[in-house]
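Here's a walk through this fold, one packing arrangement at a time. Keep the viewer open and follow along.

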Amino acid sequence: MATLKDIAKKAGVSLATVSRVLNYDETLSVADETKKRVFQIAQDMNYKTLRNRKDPQQMKERMLFGLVYWYSEQQEMADPYYMAIRSGVERECQERNIDLIKLFKSGDDLDPSRLEGLDGIIAVGKYSQEEIDLFEGAARHLVLVDYSPSDDYDCVVVDFRKAMNEVLDYLSSLGHEDIGYIGGQEFVTKDQPIRDERECSFYQYQALRGMYHPEFTWTKGNFTSEDGYRLMKEALKGERLPTAFFIASDSMAIGAIRALHEGGYQVPEQVSIVGFNDIATSKFLQPSLTTVKVYTEFMGESAVELLLDQIQSKRELAKKVVVPNHLVKRESCEERK
């Protein structure tokens, strides 16, 4: 069966242009010759929405979604968390016969023209209010993934507080009182930092129990193995080293464990480590990594379902989907000796 992508390739135009032509978008400013070419190619390829061209409502049998991605493709390779979310979105769209355009941000810029003709947008990552307004203005239907700036938007998020409480309960049960935190910093724009719920929940748990030590927190970096390595090196320079660490991504944990090994520390005999995400390589590390499993592909699938519900129900109230997680206990933690 022909897709919008097939038609766009043969016509030499964008997916958005094909969608708007086939949906009789009168605001589209392209040459009549281009429109005729798109219709002819679609008819030749037996594109199913051309069964009844006289009824514009019949032209909506196949929708076009935009997946806006705040990471670059290079950054995605360094931290596979968002790659898994994207895979979930792609698979769910494919199963539901929804065409999908993937749009990676370029620095702080996103070309508004790339959002034209979309039935809905799934925005993965953190965005400024100006960007969110841009998305809503372009498509009207929007779902945010891994970000919930307010109760006004449909979103799919992780229960970070539950995750942190489970991690810290577990480490405390093993007898660890000096627990360190290694994480990263994310920004909506260059000068607008984002509150990290993992770090906030870590602080609240520790402070309520009189266990918090500000000198045991290292967060000036990205969620990559390189910065995990660098931040653990900084921790090793301190006067006192925590007996356990929560590390905010598995990629960071991999780098941190390497730094510990280079410093002559054994994991978990001397230092216990808990990561976050449960990426594919976590169980193959030496020792295998105790980590919080986040169902990232399910987050992507849920975003597609939520966007379809929003479009079809025409409801006014926003919905928030909170995806569960659980602690996977492996070899990188043991009782404090």
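## H9 against H10

In this predicted model, helix H9 (residues 225-236) and H10 have axes that come within 6 Å and cross at roughly 40°. Since angles under 35 degrees count as roughly parallel and 65 to 115 as roughly perpendicular, H9 is oblique to H10. The crossing of these two helices is right-handed.

Who makes the contact? On the H9 side it's Ser-225, Asp-227, Gly-228, Tyr-229, Leu-231, Met-232, Lys-233 and Leu-236, while H10 brings Ser-251, Met-252, Gly-255, Ala-256, Arg-258, Ala-259, Leu-260 and Glu-262.

## A closer look at H10

How well does the length of H10 fit the expected rise? At 1.5 Å a residue, the 13 residues of this helix (250-262) should span 18 Å, and its end C-alpha atoms are indeed 18 Å apart, so the two agree.

Plenty of H10 is tucked away: Asp-250, Ser-251, Met-252, Ala-253, Gly-255, Ala-256, Ile-257, Ala-259 and Leu-260 are its buried residues. Among them, Ser-251, Met-252, Gly-255, Ala-256, Ala-259 and Leu-260 also belong to the contact with H9. Just after the helix, Gly-264 takes a positive phi of about 85°.

## H7 and H8

Here's another pair of helices to click on. The axes of helix H7 (residues 160-173) and helix H8 (residues 197-208) come within 9 Å and cross at roughly 45°, so H7 and H8 are oblique to each other as well. Their crossing is right-handed.

From H7, the residues involved are Phe-160, Arg-161, Met-164, Asn-165, Leu-168, Asp-169 and Ser-172; they meet Glu-197, Arg-198, Ser-201, Phe-202, Gln-204 and Tyr-205 of H8.

## The mixed sheet

Now for the strands. Six of them form an open sheet in the order S9-S6-S10-S11-S12-S14, with mixed pairing. At the edges sit strand S9 (217-218) and strand S14 (325-328), each pairing on one side only.

Inside this sheet, strand S6 (residues 179-182) and strand S10 (residues 244-247) run parallel and are joined by four bridges. If you want a spot to zoom in on, Gly-180 stands opposite Phe-245 in S10.

## The parallel sheet

There's also an open sheet of six strands with parallel pairing, in the order S2-S1-S3-S4-S5-S13. Its edge strands are strand S2 (99-104) and strand S13 (320-323), each of which pairs on one side only. From one strand to the next, the twist averages 15°.

Strand S3 (residues 120-124) pairs with S4 in the parallel sense over four bridges. Val-124 has Val-145 in S4 as its bridge partner.

## The loop around Pro-149

Between strand S4 (142-145) and strand S5 (154-158) runs a loop that holds Pro-149. Is this proline buried, exposed or partly exposed? Its relative accessible area is 35%, so Pro-149 counts as partly exposed.

Leaving aside neighbours within four places in sequence, Pro-149 is in contact with Ile-132 and Leu-144. Ile-194 is 45 residues away from Pro-149 along the chain, and their C-alpha atoms are separated by 9.8 Å.

## The whole chain

Zooming out, the secondary structure of the protein chain comes to 11 helices and 14 strands. Of its 337 residues, 53% count as buried. As for contacts between residues at least 6 apart in sequence, 69% join residues at least 24 apart.

Conventions: Residues are numbered from 1 along each chain as its sequence is written. This is a predicted model: local features need pLDDT of at least 70, side-chain atom pairs count only at pLDDT 80 or more; totals for chains, interfaces and linings use all residues. Side-chain values use heavy atoms; hydrogens and water are left out. The expected span of a helix is 1.5 Å times one less than its number of residues. Buried means under 20% relative accessible area, exposed over 50%, partly exposed in between (1.4 Å probe, protein chains only). Two strands pair if DSSP finds at least two bridges between them. Axes are lines fitted to C-alpha atoms, for helices over the stretch in contact, and angles run from 0 to 180 degrees between N-to-C directions. Angles under 35 degrees count as roughly parallel, over 145 as roughly antiparallel, 65 to 115 as roughly perpendicular and the rest as oblique. A crossing is left-handed if the near helix is turned anticlockwise from the far one by less than a right angle, and right-handed if clockwise. Contact means heavy atoms within 4.5 Å.
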